[in-house]
Amino acid sequence: MDKPALRILIREKLADGRLPHNHIPRMWGGPGSGETCDGCDEVVTSTQMLMEGLSKDSGTKDSGVQFHITCFHLWDVERQVAGHDPSGLA
């Protein structure tokens, strides 16, 4: 997926609540093993890095998120541009 289309998809997911708006204080990564990226909905293969973390969006239950590196970066930028996280922390 090209970056402009991915950016639009991530904005839509932020707007409708499919992606968290808050920063995720601790992320970890490693090689993918067939997980589905929450940003682009595509598989993260073993030759790609997977970023994972737990979000407590709106103070609710923990919710796991997983991203390709590029998708994680775009999500982090877009959630801040949209004003969802005034702290600016990632």
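**Exercise 1. Find which cysteine sulfur is closest to that of Cys-37, and decide whether the two are bonded.**

The sulfur of Cys-37 has its closest cysteine sulfur in Cys-71, at 3.6 Å, which is too far for a bond. A disulfide is a pair of cysteine sulfur atoms within 2.5 Å. Next take Cys-40: its nearest cysteine sulfur is that of Cys-37, 3.8 Å away, and Cys-40 is in no disulfide. By this rule the count is zero disulfides.

Then check the surroundings. Buried means under 20% relative accessible area, exposed means over 50%, and partly exposed lies in between (1.4 Å probe, protein chains only). Cys-37 is buried at 0% relative accessibility, and Cys-40 is buried with a relative accessible area of 7%.

The model is predicted: local features need pLDDT of at least 70, side-chain atom pairs count only at pLDDT 80 or more, and totals for chains, interfaces and linings use all residues. Residues are numbered from 1 along each chain as its sequence is written, and side-chain values use heavy atoms, with hydrogens and water left out.

**Exercise 2. Describe the chain as a whole.**

Start with the elements. Helices (H or I, at least four residues) and strands (E, at least two) are DSSP runs, numbered from the N terminus. The chain has two helices and five strands, in the order α-β-β-β-β-β-α from the N terminus on.

Next, burial: 36% of the 90 residues count as buried. The accessible surface (Shrake-Rupley method, 1.4 Å probe; for residues, only the protein chains shown count as cover) comes to about 5,200 Å², and carbon and sulfur atoms hold 55% of that area.

Last, contacts, meaning heavy atoms within 4.5 Å. Of those between residues at least 6 apart in sequence, 56% join residues at least 24 apart.

**Exercise 3. State which parts of the chain the salt bridge between Glu-78 and Arg-11 links, and how exposed each residue is.**

Side chains of opposite charge can pair when their charged atoms come close. A salt bridge is a side-chain nitrogen of Lys or Arg within 4 Å of a carboxyl oxygen of Asp or Glu. The structure holds five of them.

The side chains of Glu-78 and Arg-11 form one, at 2.7 Å from N to O. Glu-78 sits in helix 2 (residues 69-81) and Arg-11 in helix 1 (residues 3-16), so the pair links distant parts of the chain, 67 residues apart. Glu-78 is buried at 5% relative accessibility, whereas Arg-11 is partly exposed with a relative accessible area of 44%.

**Exercise 4. Place the partners of the salt bridge between Asp-41 and Lys-13.**

The closest N and O atoms of Asp-41 and Lys-13 are 2.8 Å apart. Asp-41 lies in the loop between strand 2 (35-36) and strand 3 (43-44), while Lys-13 belongs to helix 1, so the salt bridge ties together parts that are 28 residues apart in sequence. Asp-41 is partly exposed at 48% relative accessibility; Lys-13 is buried with a relative accessible area of 3%.

**Exercise 5. Work out how Asp-76 and Arg-79 are placed in helix 2, then name the residues that shared salt-bridge partners join into one network.**

Asp-76 and Arg-79 form a salt bridge whose closest N and O atoms are 2.8 Å apart. Both are in helix 2, three residues apart, so about one helical turn separates them. Asp-76 is buried at 11% relative accessibility, and Arg-79 is buried at 0%. For the network, salt bridges with shared partners join Arg-7, Arg-11 and Glu-78.
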